Amino acid sequence: QRRVRDAKGPTYGRYMGSLLYRGETYYMQVDSHNHFVRGWDTALINMHKELVHTRRQRRREGGSESGIMFPEKAVLTHYPEAYNDGAAVERRSTSYLCKSKFLGQQRYLRFDGIVVPQTREPILQPYSAAGFIFAFANLIKEVPLDPHLSYIFDGEEILYSVRMWTSGWDLYSPSKTVLVHSYGRPKAPRMWNTNANSWSTQKPIAEKRVQFLLLSLIHI
């Protein structure tokens with residue numbers, strides 16, 4: 001537990017959570033305020049196993065032409081579908097991260113997704129969400145979370161997506177929903193209000209770090 005005044009935003013919180021790793025097989029990262037479907041853990045592990053198996057088959061059949069260099073490096077990730085009080089948790093749909101827009105001031109991308117019907121298998125996608133990631137735990141050894149992104153919100157996902165992909169990890173949307181997320185919560189406290197001074201001074205520093213690592217500010 002940490003006091004509110006010691007918190008540094010979601011990205012730093014995810015980093016602190018990753019330090020709890022003790023050699024488990026899988027790594028899962030989620031936001032708070034989620035509702036899980038019944039049997040979510042078994043469904044998720046089986047979905048990942050089948051994905052890795054399929055990637056191995058395609059690697060054998062297509063060789064280097066398959067484009068799959070490391071079959072085990074498969075990441076399930078997306079924005080969980082929205083949940084409102086009283087809504088059903090079980091869904092016949094999933095979400096796919098295929099949209100983005102350029103943030104002019106920050107000079108990098110913010111992601112968005114679309115809701116689609118359940119798919120036969122996970123679908124390759126260009127982006128990763130921070131609110132749901134599931135993969136073999138080697139992920140956080142090879143691509144550790146960055147502890148120097150205090151208070152950042154936009155910028156976390158594009159940076160981690162790039163770092164994963166350039167380390168050989170492929171990103172997939174889950175074939176079906178295993179959890180839903182409460183996005184609104186209008187009465188909940190926000191970090192930009194509870195730690196307003198730190199938010200306004202440290203967030204721009206973190207944004208510059210993202211810009212530097214992405215080479216999004218190139219001076220000619």
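## The second largest cavity

In this predicted model, the residues that line the second largest cavity divide into 4 nonpolar, 1 polar and 4 charged. The lining is made up of Leu109, Arg110, Phe111, Phe153, Asp154, Gly155, Glu156, Glu157 and Ile158, and the space that these residues enclose has a volume of about 40 Å³. Two elements, β6 (108–117) and α4, each supply at least two residues of this lining.

## The largest cavity

The structure holds 2 cavities of 30 Å³ or more, and about 120 Å³ of space lies in the largest of them. Of the 15 residues that line the largest cavity, those closest to its centre are Thr11, Leu145, Asp146, Glu156 and Tyr160. Glu156, which is among the residues closest to the centre of the largest cavity, is also listed in the lining of the second largest cavity.

Helices α1 (10–18) and α4 (156–165) each supply at least two residues of the lining of the largest cavity, and the largest share, 5 residues, comes from α4. By residue class, this lining divides into 7 nonpolar, 3 polar and 5 charged residues. Helix α4 thus appears in both linings, as it supplies at least two residues to that of the largest cavity and at least two to that of the second largest cavity.

## How α4 packs against α6

Helix α4, already met in the lining of the largest cavity, also packs with another helix, α6 (residues 196–214): the axes of α4 and α6 come within 10 Å and cross at roughly 30 degrees. Because an angle under 35 degrees counts as roughly parallel, α4 and α6 are described as roughly parallel to each other. As for the handedness of this arrangement, α4 passes α6 in a left-handed crossing.

## The open sheet

Elsewhere in the model, 5 strands form an open sheet with mixed pairing, and their order is β1-β8-β3-β9-β7. The strands β1 (26–30) and β7 (123–124) stand at the edges, where each has a single partner strand, so one side of each is left without a neighbour in the sheet.

Within this order, β8 is placed between β1 and β3. Strand β3 (residues 74–77) and strand β8 (residues 132–136) run antiparallel and are joined by 2 bridges. In this pairing, Leu76 stands opposite Phe134, a residue of β8.

Conventions: Residues are numbered from 1 along each chain as its sequence is written. This is a predicted model: local features need pLDDT of at least 70, side-chain atom pairs count only at pLDDT 80 or more; totals for chains, interfaces and linings use all residues. Side-chain values use heavy atoms; hydrogens and water are left out. On a 1 Å grid over the protein atoms alone, a cavity is a set of points where a 1.4 Å probe fits but cannot get out, and a pocket is an open set with protein on both sides within 12 Å along at least five of seven lines; lining residues have an atom within 4 Å of a point. Grid points are joined across faces, edges and corners, and a volume is the space filled by probe spheres set on the points. Helices (H or I, at least four residues) and strands (E, at least two) are DSSP runs, numbered from the N terminus. Ala, Val, Leu, Ile, Met, Phe, Trp, Tyr, Cys and Pro count as nonpolar, Asp, Glu, Lys and Arg as charged, and the others, Gly among them, as polar. Two strands pair if DSSP finds at least two bridges between them. Axes are lines fitted to C-alpha atoms, for helices over the stretch in contact, and angles run from 0 to 180 degrees between N-to-C directions. Angles under 35 degrees count as roughly parallel, over 145 as roughly antiparallel, 65 to 115 as roughly perpendicular and the rest as oblique. A crossing is left-handed if the near helix is turned anticlockwise from the far one by less than a right angle, and right-handed if clockwise.
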